[in-house]
Amino acid sequence: MKEFLSRQYPNLILWAPFAAAAGMAVYFSLPFEPNIYAPFLIAGLAALCLFAVYRRRADAPLTLTLVLSLILLFIFGFFYSAGYARTVNTKIIPRDVHGAIVSGTVTGLDYTPARVRIFMDTTNVTSVYYSNAESEQPVYKVRLSANPEKTIIPNIGDTIVANGGVFRPGPAAGPGGFDFTEWAYHNGLSGAGFADKIEIIGHAQNTNTISHLRDRIHSYISANASPRGAMLSDALILGYRRVLPDNESDSAKASGIAHVFSISGFHLTLIGGWIFAFFYFLFRSVAPLSRRFPVRNMAIVPTVILLTFYLVLSGGAVATQRALMMAGIGFLALIFARNVFSLRGAAIVFGALLLSNPHYVTQVGFQLSFSAVFGIIWYFQARKYEHKTRAQKFYDGLKVLFMTSVVATIFTTPYIAYHFYNVPVYTLVGNLLCLPIFSFAIMPLVLIGTITAGFGVFFPLELAGHAYGVSLAITDWIRDLPFAMTQTPTIPGPALGLFTLSLMCWIFIIDDKIKFSRYAAAFFATLAALITVLRPTPIFYASADNRLVAFMTDDGKLQFNKGRSSGHRMTFDSWEKSNFTSAPEKRRPIGKGFTGQKYSVSCQGKVCIYDTPKWKLAYIQQFVPLATHIGEICNSPVDFIVTPWRISAPNCDEQILSGGLVIYRDGTVKRISTNRIWHR
């Protein structure tokens with residue numbers, strides 16, 4: 001064992017950021033807010049202790065050193081993320097504001113096929129229905145969706161007054177679900193809503209920022225180029241994230257190429273390669289320079305500068321930050337003649353990004369980006385240069401393209417299933433057929449077209465649109481294949497952690513003769529699969545405001561108390577995916593209830609009684625019958641009472657449930673967390 005651990009010690013730098021990330025993930029997944037004093041101080045002490053352990057004496061037990069190091073890294077990650085969450089301090093609006101009147105300054109614009117999302121800073125959110133009780137409001141950062149066909153769209157920096165509605169970001173719909181409040185808090189969003197009418201009361205003063213440049217490029221290309229060419233420029237160069245129409249977005253997801261429309265390493269690799277090649281041959285043609293300085297090193301400088309500009313122009317998504325940082329490490333490796341493909345370099349970037357924002361560890365873009373990168377680097381890092389014929393190089397290129405898609409698919413599938421409850425079955429086919437089109441036709445044409453658009457030349461964007469039409473035909477064909485998007489069971493957080501540990505064992509452990517890494521990877525993957533399969537399924541769901549509930553029927557499907565709800569549109573889909581069932585073509589309200597051998601609902605006078613083999617629940621839908629029926633309901637053999645209304649009934653306070661929750665077959669109630677620091 002000592003010999004085995006001594007071989008692993010050099011790889012501690014690979015395990016270190018993941019140990020800290022585990023502490024961060026545990027903090028963000030807690031169902032309650034821990035009462036911590038001076039979290040940064042505790043994190044600093046853990047770092048000092050880690051340094052002391054690392055500088056251990058030669059006679060210290062290696063096993064103890066490794067175990068203490070991992071524990072201290074976990075403690076550091078946990079308390080560092082707790083301290084970071086307290087420094088964010090985004091002000092969430094205290095309540096939903098209907099008939100809102102919002103005045104403030106526009107800070108950003110995001111364009112989608114149907115609406116424009118306006119980001120603005122405001123200290124004045126009032127309502128036409130009631131006066132504002134707060135004499136002094138903090139600065140809120142709100143996002144309003146507006147239809148450009150019904151109201152004017154302001155420019156960045158304009159001062160506006162918008163009429164519409166602003167609503168608090170909602171908590172998760174169920175256990176382990178997406179918590180919009182948490183996401184909004186860590187991304188500086190106080191509330192979201194809509195704007196029916198916008199009045200510009202002041203125009204922007206300073207229009208020389210990157211945001212203004214990005215918006216001007218979008219506006220100019222949208223006004224003069226074809227819709228498809230403008231869409232490609234928005235997605236691949238300017239970094240707008242929701243530019244695809246719904247049907248095209250579904251096709252991209254089903255074929256596994258949705259990542260192409262989110263700027264990441266794929267885009268920076270292509271653009272960086274072209275820029276580097278351009279400056280390399282340019283400097284090489286200048287004899288006085290090439291004789292005195294390494295041409296390769298000189299070409300790296302403008303490449304890094306222009307890639308940094310591309311990062312800022314495209315919005316600076318976390319996947320793009322990762323790609324640029326890894327590109328910088330790769331360029332340094334070129335300068336010092338070291339291996340460009342390095343797991344240690346990826347681990348350093350992984351840790352650096354988490355230090356800048358620990359909440360990245362919970363975000364899908366961060367997880368998918370790094371899972372693919374670690375897998376690809378692990379697979380290709382052992383490749384060495386060999387002299388090959390042209391035919392061999394062509395075959396090798398095809399093999400690289402094929403294995404890149406295979407490895408990326410294997411390493412990202414658990415995270416796709418965890419976040420989206422679906423996995424694309426034909427990802428390999430979609431990537432092999434479509435990525436060459438994007439690499440050799442669409443991307444270069446869109447880049448050239450975005451530049452030449454400034455000179456009134458839009459022909460490259462038109463050609464890119466035609467090339468995209470070919471790709472779209474392929475993705476539409478893949479989308480229509482059987483089982484193109486296969487639904488997966490809900491993966492609990494602990495299971496995802498075990499899947500991650502399985503992949504880490506596979507690529508981080510320095511193997512010995514018994515192939516311990518493969519056995520460890522298989523063990524943790526099997527354990528994760530068992531946790532996923534054995535996860536209990538709730539049979540009753542209630543939203544945070546209790547206005548939407550769902551009852552399980554005998555066939556395992558869900559029946560809702562209403563057919564549609566503007567305030568719970570995503571909740572329907574979330575509950576059905578969590579329940580591992582598909583949505584019906586048309587949802588209908590529960591009406592008078594349903595019958596079944598195990599589960600049944602009977603509704604009378606707006607009160608529905610849900611009967612199960614273990615317990616009985618009363619759901620009161622309206623306030624009207626409450627006063628006359630609450631006493632009768634309390635005295636009936638009902639285990640739980642759920643209602644949107646706040647009621648006080650001393651005889652059955654223990655039976656009354658409120659807030660978001662689920663109930664399992666055995667009567668266990670699990671409440672959805674709404675008491676974290678971002679919910680306050």
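Guide: A polar contact is a pair of N or O atoms within 3.5 Å, one able to donate a hydrogen and the other to accept it. The model discussed here is predicted.

Visitor: What makes the approach of the side chain of Thr 303 to the backbone oxygen of Ala 299 a polar contact?

Guide: The side chain of Thr 303 reaches that backbone oxygen at 2.7 Å. Because the limit is 3.5 Å, the pair qualifies as a polar contact. Thr 303 is placed in helix α11, residues 295-313.

Visitor: Why is Thr 303 called buried?

Guide: Its relative accessible area is 0%, and the term applies under 20%; Thr 303 is therefore buried. Setting aside residues up to four places away in sequence, Thr 303 touches Gly 272, Ile 275, Phe 276 and Phe 331.

Visitor: Which helix holds His 267, and why does His 267 count as buried?

Guide: His 267 is found in α9, which runs over residues 265-284. With a relative accessibility of 0%, His 267 falls under the 20% limit and so counts as buried. Residues up to four places away aside, its contacts are Leu 236, His 259, Val 260, Ser 262, Tyr 310 and Met 443.

Visitor: What lies 3.1 Å from a polar atom of the side chain of His 267?

Guide: The backbone nitrogen of Ser 264 lies at that distance.

Visitor: Why does His 212 count as buried?

Guide: The relative accessibility of His 212 is 9%. Because the boundary is 20%, His 212 counts as buried. This residue lies in helix α6, residues 210-224. Its side chain reaches the backbone oxygen of Ile 156 at 2.8 Å. Beyond neighbours within four places in sequence, His 212 is in contact with Ile 156, Gly 157, Ala 204, Asn 206 and Thr 207.

Visitor: Why is Ile 210, also in α6, called partly exposed?

Guide: Its relative accessible area is 31%. Buried requires under 20% and exposed over 50%, so Ile 210 is partly exposed. Not counting residues up to four places away, Ile 210 touches Phe 309, Val 312 and Leu 313. The C-alpha atoms of Ile 210 and Ser 314 are separated by 9.6 Å, while the two residues are 104 residues apart along the chain.

Visitor: What sets the phi of Tyr 421 and of Phe 483 apart from the general pattern?

Guide: Most residues other than glycine have a negative phi. Tyr 421 has a positive phi of about 60° although it is not a glycine, and phi of Phe 483 is near 60°, also positive. Tyr 421 is in the loop between α15 (390-420) and β6 (422-424); Phe 483 lies in the loop between α17 (459-479) and β7 (485-487).

Visitor: Buried or exposed: how are Tyr 421 and Phe 483 classed, and why?

Guide: Tyr 421 has a relative accessible area of 11%, under the 20% limit, and is therefore buried. Phe 483, at 65%, is over the 50% limit and therefore counts as exposed.

Visitor: How do you know that the span of helix α19 agrees with its number of residues?

Guide: At 1.5 Å a residue, the 18 residues of α19 (residues 516-533) should span 26 Å. The end C-alpha atoms are 26 Å apart, so the two values agree.

Visitor: What puts the buried residues of α19 on the same side?

Guide: The buried residues are Ser 517, Ala 520, Ala 521, Phe 524, Ala 528 and Thr 532. They cover an arc of only 105° around the axis, and therefore lie on the same side of α19. An α-helix has 3.6 residues a turn, so residues three or four places apart point the same way. The buried residues of α19 pack against α18 (493-508). Tyr 519, Phe 523 and Val 533 are exposed on the other side of α19.

Visitor: How do you know that the radius of gyration agrees with that of a compact globule?

Guide: For 680 residues, a compact globule would have a radius of gyration near 26 Å; the protein has 28 Å, which agrees. The C-alpha atoms fill a box of roughly 95 × 70 × 55 Å along the principal axes. The protein has 21 helices and 18 strands, and 49% of its 680 residues count as buried. Of the contacts with a separation of 6 or more, 69% are between residues 24 or more positions apart.

Methods: Residues numbered from 1 in each chain as written. Predicted model: local features only at pLDDT ≥ 70, side-chain atom pairs only at ≥ 80, totals over all residues. Heavy atoms only, no water. Helix = DSSP H or I, 4+ residues; strand = E, 2+ residues; numbered from the N terminus. Buried < 20%, exposed > 50% of the residue type's maximum accessible area, 1.4 Å probe, protein only. Contact = heavy atoms within 4.5 Å. Expected span 1.5 Å × (residues − 1). Arc of directions from axis to C-beta. Rg over C-alpha atoms; globule rule 2.2 N^0.38 Å.
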